[in-house]
Amino acid sequence: MVDVSNWRHVFKLDPDKQLDDAALEAVCESGTDAIMVGGTLGVTFENTLELMARIRRYAVPAVLEVSSLDGVVPGFDAYFLPLVLNAGDPEWLLAPHVSGLQAYGSYIHWQEVYTEGYVILNPDSAAAKLTKAKPIQSKDEAKAYATVAAKLCKLPIFYVEYSGTYGDPELVRSCKAGFDSGRLFYGGGIRTVEQAREMSQIADVIVVGNVIYEDLAQALDTVKAVK
Ligand code: 1GP
């Protein structure tokens with residue numbers, strides 16, 4: 001079980017990317033609120049299990065963001081299941097979830113499961129291409145997606161996903177205005193203290209990914225910006 005209600009900062013680690021032991025220790029001991037394991041491509045049972053076992057040496061909560069049925073591994077503190085609200089390909093909306101329940105339904109501890117209402121905003125990201133994410137044309141439209149997540153679907157998490165590129169703070173602000181009943185996560189392109197500070201003033205939780213692999217010192221500084 002995890003308590004996301006006071007999270008402010010999360011590092012996202014990709015099982016398909018390499019991180020040496022010293023870097024992993026620095027990330028896990030950084031003061032971040034959780035390590036989220038997830039990626040869009042190249043996620044397998046083996047590389048997810050290996051990364052989980054290495055993270056497990058530290059006290060930080062470890063959550064799996066499930067993106068493929070192959071990469072579902074028992075032993076995480078929680079499981080985050082994305083629901084891509086702006087998926088253009090209806091097969092991505094619920095079909096993977098139905099298949100997952102057929103395969104693993106009897107093993108699921110529902111108190112460990114959190115559904116994330118996702119909107120994917122970077123059209124060049126792997127996740128956008130995979131799900132054929134529909135472009136969001138305005139702040140109002142983004143806000144309406146957030147309200148769908150809060151009021152129609154009653155989801156605990158709304159995730160504004162700009163993976164790979166820094167997003168529009170005003171659009172994130174609109175999403176926050178539309179999502180008044182859960183935690184709003186922002187992820188995408190955060191690589192400086194200033195960006196971490198800016199987005200954390202709007203979002204409840206910021207998610208920092210790629211920069212871990214490109215500039216570890218900068219990545220670690222994003223924790224200090226938020227805490
Ligand atoms: C990706 O939202 C996360 O799913 C973080 O994005 O890798 O661009 O930091 P970055």
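Is Cys153 buried, exposed or partly exposed? Cys153 is partly exposed, because its relative accessibility is 35%. Keep in mind that this is a predicted model.

Let me stay with the cysteines. How many disulfides does a search of the whole structure find? Zero. As a reminder, a disulfide is a covalent bond between the sulfur atoms of two cysteines. For Cys153, the closest cysteine sulfur is in Cys175. That sulfur is 14 Å away, so the pair is too far apart for a bond. Cys28 sits in another setting. Its relative accessible area is 4%, so Cys28 is buried.

On to the ligand. Which residues are around it? Starting from the low numbers, there is Lys12. Then come Tyr159, Glu161, Ser163 and Gly164. Next is the glycine run Gly187, Gly188 and Gly189. Val207, Gly209 and Asn210 complete the list. Sorted by class, that shell holds two nonpolar, seven polar and two charged residues.

Now the polar contacts. Glu161 brings a polar side-chain atom to 2.5 Å from a ligand oxygen. Tyr159 also uses its side chain: an N or O atom there is 2.8 Å from an oxygen of the ligand. With Asn210, the backbone does the work. A polar backbone atom of Asn210 is 2.8 Å from a ligand oxygen. How much of the ligand does the protein bury? The ligand alone exposes 300 Å², and 93% of that is buried by the protein.

Tyr159 comes up again in the aromatics. Which residues do ring pairs link into a cluster with Tyr159? They are Trp7, Phe80, Tyr114, Tyr118 and Phe185. The count for the structure comes to 10 aromatic pairs. For anyone who wants to go further, a pair of aromatic rings is described by the distance of the centres and the angle of the planes.

Next, backbone angles. Two lysines deserve a look. Lys132 has a positive phi, near 55 degrees, and is not a glycine. Where is Lys132? It is in the loop between α4, residues 126-131, and α5, residues 139-152. Lys132 counts as exposed because its relative accessibility is 53%, and the cut-off for exposed is over 50%. Lys154 is the other one. Its phi is positive too, about 50 degrees, and again the residue is not a glycine. Lys154 lies in the loop between α5 and β6, the strand at 157-161. With 64% relative accessibility, Lys154 counts as exposed.

Now a short tour of loops, with some C-alpha distances.

Start with Gln18. It lies between β1, residues 9-13, and α1, residues 21-28, in the loop. Is Gln18 buried or exposed? Exposed, because its relative accessibility is 72%. From Gln18 to Glu141 the C-alpha separation is 37 Å, and the two are 123 residues apart along the chain.

Arg57 is next. Its loop runs between α2, residues 45-55, and β3, residues 62-65. Arg57 has a relative accessible area of 52%, so it is exposed. Its C-alpha is separated from that of Leu101 by 30 Å, with their positions 44 residues apart in the count along the chain.

Then Gly38, in the loop between β2, residues 34-37, and α2. Gly38 is buried, because its relative accessible area is 7%. What is the C-alpha distance from Gly38 to Pro15? It is 6.7 Å, and the two are 23 residues apart in sequence.

Last stop, Tyr166. This residue is in the loop between β6 and α6, the helix at 169-178. Tyr166 is partly exposed, because its relative accessible area is 24%. Tyr166 and Leu93 are 25 Å apart, C-alpha to C-alpha, and 73 residues apart in sequence.

To recap. The search finds zero disulfides. The protein buries 93% of the ligand's 300 Å². Lys132 and Lys154 carry positive phi values. That's my tour.

Notes
Residues numbered from 1 in each chain as written. Predicted model: local features only at pLDDT ≥ 70, side-chain atom pairs only at ≥ 80, totals over all residues. Heavy atoms only, no water. Near = heavy atom within 4 Å. Polar contact = N/O pair within 3.5 Å; in protein donor to acceptor, adjacent residues only side chain to side chain. Areas by Shrake-Rupley, 256 points an atom, 1.4 Å probe, with all protein chains shown as cover. Nonpolar A, V, L, I, M, F, W, Y, C, P; charged D, E, K, R; others polar. Helix = DSSP H or I, 4+ residues; strand = E, 2+ residues; numbered from the N terminus. Buried < 20%, exposed > 50% of the residue type's maximum accessible area, 1.4 Å probe, protein only. Disulfide = S-S within 2.5 Å. Phe/Tyr/Trp six-rings, centres within 6.5 Å; stacked < 30°, edge-to-face > 60°.
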